Amino acid sequence: MNETGPPPRLRPAHRPLSDWIARVRTTGPGLGAVNDGSERTDARTMRRFTEQAWTRTSAVVTWQGEARRALALRAPDGTTVVELDDFGGPVPVSEAGAALVARLESAWDALPADPATVAALRAESPALRYFLLHRAARETHAPPELFHCLPWERVTATADSAAALLRAEAGEAGAGAVPPPAGGLRHWFAPAAAPLAGPLQVLEAGLRSGRPGPWFGREAAHLLSGVLAAETARLPRSARHALAGLADALAAADRALHHSASLAATRLRGTGPVAPVAFRRRLDSDFVLRASSGAPAAHRTEIVEGWPVTTGLTVTAGGLLEIETEIEDDPAPPARRLADGPLFHPVALRPATDTDASDAPGTRLWMALSAFPGSLYGFVAVPVPGTTFEVDLDGPPLPLRFLDRVPPAELEVSLPANERVTLSQWHHMIDGLPPHHPAHAALAVYESGRT
């Protein structure tokens, strides 16, 4: 059972940053057991750190036969614990770094992010920076500039490499081989933007190795979704510029990704020569009520166009919302997309609010994109979700095989909404998927409802 404590505002300033700690032995070398033998407990919630005031410090311990200065906490009775990383090793820190962490914890409700503080954090280990910002992101409204201390040079190098590889594949003049980025991205960047680093690293490695089979659509979509959801001010300018260049390359590589990738590039740059049209529309009560009035030409339609995508939003007199999308495709679609299998486009429906409708809870369904020579086409129809609501189609499409982790309810709603997809077409798309894929259960529910 996890130990709990008082509300955050009443907790002592100095508590673990990591979820693992180990006691420094007073006799003999080495460390005690992780979390005193309770590895599943989160050290940040242990009562011992909330019921008495600990002091932030550092301690020199022996790890794998070598002395290492580690981030530590000391209790009033002299008991010292060191913080551990994800591999169970002590989190490295300098004496100055430990003092800096102590100062930041003492200013936890108003964390500084001046250039000197950010530069001092950059001098410390990536593990320390990650754990500090992970807890700060959970407990505070940390200024975005504080996240610039993360090792963003790795993201910049990886994004530049992936973009160069895509441009070289396309035969772009001046595009050539680039050296592989040094060091992995791991999870260091999750406090600032998640998911981002994971799909970026897999994307670059797959492009570099010429990885066969289905994979590209998943990583590209997850990367673009991460960028579209990120608080871009948390990324330094160099990383934003590199990721924007990669988004441009993805937009050029596959027209199915063009809209989301162009939108991501614009968000990262903060501007663009031609801003992409946002496929997010708020349909107000007048639009809906006039459609349901029964008057002649009661159907209400709004067309949204932004090459290569055209979308029509129609509210019918019968109370249905029809969404029809066509993407002008390359005459020879990318081989990677063909390897990934059929694409499904996310459609989010949210009740509009007086503030930001995108923050309101809503429903997501998936529109099947049927491939025709020179185009991708999709159509869904659902009951109108309210008198005033928002329709959002800005997200990137995902191959059906990679919708294996979406809530089953989303697919159960999606199959009947794709009215123009036949039962035999559903079987053709779904029967060959892995047995655990939720589309099998959704298809069973769909078939039972037709009988």
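The protein chain holds 13 helices and 14 strands. The model is a predicted one. The chain has 451 residues, and 47% of them count as buried. Its accessible surface comes to about 20900 Å². Carbon and sulfur atoms own 54% of that surface. Now consider contacts in the chain with a separation of 6 or more: residues 24 or more positions apart account for 66% of them.

Start with a pair of helices. Helix α6 spans residues 216-229, and helix α8 spans residues 255-269. Their axes come within 9 Å. They cross at roughly 35 degrees, and the crossing of α6 and α8 is left-handed. Which residues in α6 meet α8? From α6 come F216, A220, L224, V227, L228 and A229. Facing them from α8 are L257, S260, A261, L263, A264, R267 and L268. By class, the residues of this contact divide into 11 nonpolar, 1 polar and 1 charged. The polar one is S260, because Ser falls outside both the nonpolar and the charged lists. The charged one is R267, because Arg is counted as charged.

Next, go towards the end of the chain, to H437. This residue sits in the loop between α12 (423-430) and α13 (438-450). Is H437 buried or exposed? Its relative accessibility is 2%, so H437 counts as buried; the cut-off for buried is under 20%. Leave aside residues up to four places away in sequence, and H437 touches L400, R401, L403, D404 and L411. P408 is 29 residues from H437 along the chain, yet the C-alpha atoms of the two are separated by 9.1 Å.

The side chain of H437 also has polar partners on the backbone. What lies 2.9 Å from a polar atom of this side chain? The backbone oxygen of L400 does. L400 is also among the residues that H437 touches. The second partner is the backbone nitrogen of A439, which the side chain of H437 reaches at 3.0 Å. A439 falls within α13, the helix of residues 438-450.

Now turn to the backbone itself. Where are the cis peptide bonds described here? One joins A194 and P195, with omega about -5 degrees. P195 lies in the loop between α4 (152-169) and α5 (197-209). Another runs from W307 to P308, with omega near 5 degrees. P308 belongs to the loop between β7 (300-306) and β8 (309-315).

Finish in the loop between β2 (31-34) and β3 (55-63), where N35 lies. N35 has a phi near 50 degrees, a positive value in a residue other than glycine. D36 is placed in the loop between β2 and β3 as well. Its phi is positive too, at about 55 degrees, although D36 is not a glycine. How does burial look for these residues? N35 has a relative accessibility of 2%, so it counts as buried. D36 has a relative accessible area of 37%, so it is partly exposed. The bounds behind these labels are under 20% for buried and over 50% for exposed, with partly exposed in between.

Key. Residues numbered from 1 in each chain as written. Predicted model: local features only at pLDDT ≥ 70, side-chain atom pairs only at ≥ 80, totals over all residues. Heavy atoms only, no water. Helix = DSSP H or I, 4+ residues; strand = E, 2+ residues; numbered from the N terminus. Buried < 20%, exposed > 50% of the residue type's maximum accessible area, 1.4 Å probe, protein only. Contact = heavy atoms within 4.5 Å. Polar contact = N/O pair within 3.5 Å; in protein donor to acceptor, adjacent residues only side chain to side chain. Axes fitted to C-alpha atoms, helices over the stretch in contact; angles between N-to-C directions. Left-handed = near helix turned anticlockwise from the far one by under 90°. Areas by Shrake-Rupley, 256 points an atom, 1.4 Å probe, with all protein chains shown as cover.
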